[in-house]
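Student: I have this model open and would like to look closely at one part of it. Could you take me through a single helix and then show me what surrounds it?

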Amino acid sequence: MNSRFFHYRKKITSMIMMSLTFAATLAAIVPLIFIFYYTISKGITYLNLDFFIAMPKPVGETGGGMANAIVGTLMLIGIGGAIGVPVGIMTGTYLSEFGNNKFGFMVRFLTDVLSGVPSIVVGVVAYTMVVLPMKHFSAIAGGIALGILMIPTITRTTEEMIKLVPHSLREAGLALGIPKWKTTLAIVIRSAWKGIATGVLLGLSRAAGETAPLLFTALGNRFWSTSIGQPIASLTVYIYDYAKSPFEDWNQQAWTAALVLILLISILSLVFRIITRSKYKTN
Amino acid sequence: MKNKLKKIFSSRNLGDLIFEKLTLLFAVSVFLLVLLMGYEMYLGSKLSIDKFGWSFLVNSTWDPVQEIYGALPIIYGTIVSSLLALIIALPLSIGVAIYLAEVAPPWLEKPLSFLVELLAGIPSVIYGLWGIFVLVPWIRTDVEPYLSDKLGFLPFFRGAPYGFGLLAAVLILSIMVLPIISSISRDVLKSVPRSQREAALALGATRWQSTMIVLRDARSGILGATMLGLGRAIGETMAVTMVIGNRALISPSLFDPSYTMASVIANEFTEATSEMYLSALIQLALVLFVITIIINAFARLLVWRMNRRWKTT
């Protein structure tokens, strides 16, 4: 009798605990639904053509858009990508091809650690390295900060993706007498290209969502600017400023900017997916 | 075999040599970058380090007007907000990880994992925006009055229900670290060999008991995941700055405003007019850098060791 009781108790405990894990998963997803719900429902009210092509209005006037911030964000991730993508891909290639030694281990470890360094710290470094010598805030300083932030993601994805390429492919290239560098570039990296592009995309879209490293590097700009030597606007800094502002109209626009930012990141990923897919098919 | 091929081809070929050195150059640059970051911040904060030294960390006055900079309340706010967020997020994350790795059928696991990872991909300024306009009003009108009504005899739940404050920061941080801890823990759980579960089940264990065995095998990896979450919480800037109330204050009450290292930097950096002020803020960034590096290094070692353990056997 007694043992049967324990048997049932054991089973019931198991069932309760298993359903609790399901409840935890649901609880984790609820905030996601809330955030998306509010961003879409509140953001959509100001989502019109003006938002994309008009400039921000001065304090007190309602309406206007964030054309400068959209262009600014694109420019910043462009500059960041120009730094982070080559460094990341080359370092990742080094790690997978030649990194089986102590130095490779150290670099791998440091990139992992770098990925945990808060983005605001990277902003401070970009400030001391670029803004202080130049004596003013600039798009290039913000872009450098974003570039540094992209490096770990791109490096590690590149390494992982190259490692996934079957060894036989490499050996086939070498057996044909193709030098190692050509084999790596034309065969290995090419077949890992789709995965590497995913890493690049991940790096770029994370950078697009960064605010902290831009606050005192790119600063922000209420006017149109595409000069890399001048302060530049970005969607994220606008969201921050407008969310804190006492004007309801600006608060509304912050939601719209958030929606546009999410759309931008989604479009970025879509475009990348299309590019990588067609490349893959021709292979 | 691989080494032999390497020898034959790379030693003779100039192209290979150039290729290797070129990629090496980039790897070295990443290596140097991390060192340079620390060095730059040390230089930038030299003024403040020379003046305050270690008392920077234990002095509790942060007063830019008098040029006295003690970061104790800020460090306190950083640690308390991060630890409380972990206390909320950790059990939930482990639940999520167990569900995704052990319980969920494959058709459900993929979309759910995707959603959890999506949560990690939302820009933190959007969390902050949501915090200001949705979370904080809810805390002000519902959560804080309720807590002070039921638990007001405790010092943690006293004071005016203002909304902005430690409680809001803790809640938003726990939402933000949850996907990190749960997705890494899920991977760690999955790396535990199937045979462990099969052995437990064959001995008559229930599914929960077998999961507990897997959890025990994975504990160092989960600890690593937790540390990574802690590192993220300590360095999180935008969402915290937007909801924590931004006042350097040591108070037991969760309703009171607080400050974290990252939010001080975000808030005051552009306002820093004197060199000493700027230097103190850079020193704060240096402290943050060192703390997160230590936490991350430790966490990575734990996760690596965990993954390697099963690979070698």
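Tutor: Happy to! We need one definition to begin: a residue is buried if 20 or more other C-beta atoms lie within 10 Å of its own, and exposed if 12 or fewer do. Keep in mind, too, that this is a predicted model.

Now find H10(A), the helix that spans residues 235-244 of chain A. Which of its residues are buried? They are Leu235(A), Thr236(A), Val237(A), Tyr238(A), Ile239(A), Tyr240(A), Tyr242(A) and Ala243(A). That makes eight of the 10 residues in H10(A), so the helix is largely enclosed by the rest of the structure.

Next, step back into the loop between H9 and H10 of chain A, where you will find Leu219(A). The phi angle of Leu219(A) is near 70°, which is a positive value in a residue other than glycine. Leu219(A) counts as buried because it has 21 C-beta neighbours inside 10 Å. For a contrast, look over at chain B: Glu67(B) also has a positive phi, near 60°, and is likewise not a glycine. Glu67(B) sits in the loop between strands E1 (62-63) and E2 (68-69) of chain B. With 12 C-beta neighbours inside 10 Å, however, Glu67(B) counts as exposed.

On the other side of that chain A loop is H9(A), residues 193-208, whose axis comes within 8 Å of the axis of H6(A) and crosses it at roughly 160°. The two helices are therefore roughly antiparallel to each other, and H6(A) passes H9(A) in a right-handed crossing. Among the residues that make this contact are Leu146(A), Leu149(A) and Met150(A) from H6(A), and Gly195(A), Ile196(A) and Gly199(A) from H9(A). Sorted by type, the residues of this contact are 11 nonpolar, seven polar and one charged.

Finally, let's see how chain A meets its partner. Here 67 residues of chain A are in contact with 71 residues of chain B. Our starting helix, H10(A), is one of the elements that give two or more residues to the chain A side, and H6(A) is another. The largest share of that side, 20 residues, comes from H1(A). The chain A side divides into 46 nonpolar, 16 polar and five charged residues.

Note on methods
Residues are numbered from 1 along each chain as its sequence is written. Chains are lettered from A and ligands numbered from 1 in the order in which they are written. This is a predicted model: local features need pLDDT of at least 70, side-chain atom pairs count only at pLDDT 80 or more; totals for chains, interfaces and linings use all residues. Two residues are in contact if their C-beta atoms, placed from the backbone, lie within 7 Å. Helices (H or I, at least four residues) and strands (E, at least two) are DSSP runs, numbered from the N terminus. Ala, Val, Leu, Ile, Met, Phe, Trp, Tyr, Cys and Pro count as nonpolar, Asp, Glu, Lys and Arg as charged, and the others, Gly among them, as polar. Axes are lines fitted to C-alpha atoms, for helices over the stretch in contact, and angles run from 0 to 180 degrees between N-to-C directions. Angles under 35 degrees count as roughly parallel, over 145 as roughly antiparallel, 65 to 115 as roughly perpendicular and the rest as oblique. A crossing is left-handed if the near helix is turned anticlockwise from the far one by less than a right angle, and right-handed if clockwise.
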